[in-house]
Each structure stands twice: as structure tokens, then as C-alpha cells.
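Load the model in a viewer and keep the selection panel open. The stops below go from the whole chain to single residues.

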Amino acid sequence: MKKICKIFTFAFAGLFFSAALCGCDGEAESVDTTASIIVEETAETNTSLQESDGNGGPVIEAGDWEKDFDGLNGVAVLYDPTENRYQVYGGQLAETRRPPCSTFKIISSLIALENDLIVPDNSVREWSGEVFWNEDWNKNIDFQEAFRTSCVWYFREVVDEIGPDRMKAELEKLEYGNCDISDWEGKMNANTDDPAMTGFWIESSLMISPMEQVDVMERIFGEHSTYSDETQDQLEEVMLISDPTDEALTVYGKTGMGADQETTLDAWFTGFADIYDERVY
């Protein structure tokens with residue numbers, strides 16, 4: 001486990017810093033990289049995390065990755081299902097719920113793929129003509145490119161087609177954070193009143209913690225997943241981050257970024273890595 005996590009930590013840290021510092025996601029137009037980045041204040045440290053009590057529960061270890069974060073206030077969670085072992089950096093912040101922002105595109109894609117609302121080979125949606133700040137969104141766009149460019153208007157349409165009842169049932173099945181979709185239109189998001197750019201997952205009612213994000217990834221892609229192999233394969237394809245020819249390490253995931261009314265920045269990278277024949281979430 002230690003060797004595996006050492007390899008993955010390097011890959012994870014680089015991707016996390018890219019998401020946090022470079023403004024690579026759709027919910028935030030730009031990020032001042034000279035400013036302090038605050039995810040959530042907490043007085044707890046990772047020394048509070050304890051190992052399993054021996055009754056069959058997971059082992060939770062404190063990750064020693066302070067140097068990788070280089071002063072960034074954040075958290076990293078790795079889960080190895082073969083050992084039922086978590087490694088956590090960031091203490092109680094790992095259990096603090098925040099809006100998922102564009103990492104939720106994993107979930108909306110999952111549900112839409114499973115219910116044939118997205119068929120990847122026939123997935124182009126027509127652009128309304130509204131000019132968005134991201135030029136990549138100002139055109140007709142298909143599923144693969146919408147996911148890659150984190151196109152908000154595309155997934156706003158997908159979520160509306162899924163509908164509240166099906167969405168609520170799927171989130172409860174996945175045990176996705178607080179499962180709160182009450183602000184369906186995303187009116188709590190004070191950053192914009194454009195209905196094409198808002199939703200319950202963007203600095204609004206839906207909240208999830210880093211620990212829960214990891215658990216959800218395992219429920220989708222793990223040994224006991226209830227989702228079809230086809231859906232998992234299609235989702236893996238759009239989540240692929242690293243060079244697919246690298247047999248030693250293949251990384252899949254999605255970034256997410258947003259800022260609330262108090263200018264607290266939420267920056268995420270959520271996914272998993274295949275390290276030879278081992279999968280780490």
C-alpha cells in the first residue's frame with residue numbers, strides 16, 4: 001500500500017494543484033493565484049484520525065503529504081478497497097461537506113448514460129446562441145467535449161431531462177452527501193442569475209465531503225457496482241486524464257471549482273487510478 005500510494009500521491013497532487021490554482025473548471029471564470037485559497041477553516045488536524053478498532057471496519061491512516069500541498073489549505077483522501085484502507089490528509093476537513101461543483105458532472109453523466117439520455121455516438125446538443133465566457137461552449141457540442149470542457153449549459157439540460165424524482169432516487173442510492181436537490185434551479189448561487197449556468201450542485205443546496213466523494217466513486221466503479229459495464233466503460237472513457245498507453249498508472253477524474261458569496265473557493269479533483277492491477281480511489 002505504501003508504494004502504491006507514493007506513486008499515486010504524486011499524480012494526485014499535481015492534478016489537485018492544477019484544479020485549485022489554474023481555474024480549469026466551468027464554475028469559476030478566473031482565479032487570482034496570488035490570493036489565499038481557503039477551502040474550509042477547521043481547528044482539527046489529521047492526528048485525530050484513528051485506525052480500525054479491529055471489528056472489521058476500515059483502517060484510516062493520516063497521510064503525510066504536507067510538503068505536496070506547499071501551504072495550500074486542503075485535503076486528500078485515498079482509498080484502497082483491497083485493504084479497506086483510507087489514507088487521509090487534512091483531518092476533519094475530509095468529513096466537511098462542500099458543494100461538488102463540476103465533479104457532479106460524473107454523476108449526471110452516470111445517470112444519463114445508464115438511462116439512455118446520453119448516447120455518446122449521438123450526443124450533440126444545439127447551442128442556444130448565448131455567448132458564454134468560455135469560448136469552447138459557444139457552439140453545438142457533444143458529450144465527450146462537454147465533459148472535457150466542463151460545459152455547464154450542456155449538463156444543465158441533461159440534469160433537467162433526468163428530472164428531480166429520478167435524480168433524488170439515484171443520489172440516495174449512491175449515498176451522495178446530503179442528497180439535497182431542493183434548490184433545483186440553483187438560485188442560492190449568487191455568482192450568476194443565468195439559468196443556463198446554475199444548478200443545485202454549484203455552490204447551492206447539494207453538499208458532499210471528500211470522504212463521501214471517494215466512497216461514491218467506489219460504489220460506481222467498484223466490484224459491487226450496480227451500473228452496467230457499458231455505462232462504466234463510457235464514463236471511464238470521458239474521465240480519462242493520463243496517457244492511456246502507460247500500463248503502470250492510469251488516472252481518471254474530474255475537476256470542479258466554484259466560489260460562494262463569502263469568496264470561499266471550492267476546488268476539487270475526484271476520481272481514481274489504476275496502478276497495474278490495483279485500483280485506488
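What percentage of the 281 residues of the chain count as buried? The figure is 55%, computed, like every value in this tour, on a predicted model.

**Whole chain**

Colour by secondary structure. The chain has eight helices and six strands. Starting at the N terminus, the order of elements is α-β-α-β-β-α-α-α-α-α-α-β-β-β. Among contacts in the chain with a separation of 6 or more, 66% are between residues 24 or more positions apart.

**The largest nonpolar core**

Select Ile107, Met167 and Met239. The largest nonpolar core has 58 residues, and these three touch the most other members. Helix α5 (residues 152-162) supplies the largest share of this core, seven residues. A second core, separate from this one, has 12 residues, including Phe69, Ala76, Ile275 and Val280. In soluble globular proteins, nonpolar side chains tend to be buried together.

Stay on Ile107 and show its surroundings. Beyond its neighbours within four places in sequence, Ile107 is in contact with Leu171, Leu174, Tyr176, Val216 and Ile220.

**Helix α5 and its ends**

Next, select residues 152-162. Which residues of α5 are buried? They are Val152, Trp153, Tyr154, Phe155, Arg156, Val158, Val159 and Ile162. With eight of its 11 residues buried, α5 is mostly covered. Show α3, α4 (143-149) and α6 as well: these are included in what covers the buried residues of α5.

Now look at both sides of the helix. Ser150 is in the loop between α4 and α5. Ser150 is not a glycine, yet has a positive phi of about 60 degrees. Its relative accessible area is 1%, so Ser150 is buried. After α5 comes Gly163, with a positive phi near 85 degrees.

**Where α3 meets α6**

Hide everything except α3 (residues 105-114) and α6 (164-174). Two packed helices are described by the angle between their axes and the distance between the axes. The axes of α3 and α6 come within 11 Å and cross at roughly 110 degrees. That angle makes α3 roughly perpendicular to α6, because angles of 65 to 115 degrees fall in this class. The crossing of α3 and α6 is right-handed.

Show side chains at the crossing. From α3, Ile107, Leu110 and Ile111 meet Arg166, Met167, Glu170, Leu171 and Leu174 of α6. Ile107 and Met167 were also among the core residues selected earlier.

**Two loop residues**

Restore the full chain and go to Asn84, in the loop between β2 (76-80) and β3 (85-89). Most residues other than glycine have a negative phi, and most peptide bonds are trans. Asn84 is not a glycine but has a positive phi of about 50 degrees. Is Asn84 buried or partly exposed? Its relative accessibility is 25%, so Asn84 counts as partly exposed.

Then select Met188, in the loop between α6 and α7 (210-221). Met188 is partly exposed, at 46% relative accessibility. Draw a C-alpha distance from Met188 to Glu203: 15 residues apart in sequence, the two are 7.4 Å apart in space.

**Thr270 in strand β5**

Select residues 265-275, which form strand β5 and include Thr270. Thr270 has a relative accessible area of 4% and is therefore buried. Which side chain is joined to that of Thr270 by a polar contact of 3.4 Å? It is the side chain of Gln213. Setting aside neighbours within four places in sequence, Thr270 is in contact with Thr103, Ile106, Gln213, Met217, Tyr252, Gly253 and Lys254.

**Arg279 in strand β6**

The last stop is strand β6 (residues 278-280), where Arg279 is found. Why does Arg279 count as buried? Its relative accessible area is 19%, and buried means under 20%. The side chain of Arg279 makes polar contacts with two acidic residues to display: Asp274, at 2.6 Å between side chains, and Glu236, at 3.3 Å between side chains. With residues up to four places away in sequence left out, Arg279 touches Tyr79, Asp80, Pro81, Phe221, Glu236, Phe272, Ala273 and Asp274.

Definitions and conventions
Residues numbered from 1 in each chain as written. Predicted model: local features only at pLDDT ≥ 70, side-chain atom pairs only at ≥ 80, totals over all residues. Heavy atoms only, no water. Helix = DSSP H or I, 4+ residues; strand = E, 2+ residues; numbered from the N terminus. Buried < 20%, exposed > 50% of the residue type's maximum accessible area, 1.4 Å probe, protein only. Polar contact = N/O pair within 3.5 Å; in protein donor to acceptor, adjacent residues only side chain to side chain. Contact = heavy atoms within 4.5 Å. Core = buried A, V, L, I, M, F, W, Y, C linked by side-chain atoms within 4.5 Å. Axes fitted to C-alpha atoms, helices over the stretch in contact; angles between N-to-C directions. Parallel < 35°, antiparallel > 145°, perpendicular 65-115°, else oblique. Left-handed = near helix turned anticlockwise from the far one by under 90°.
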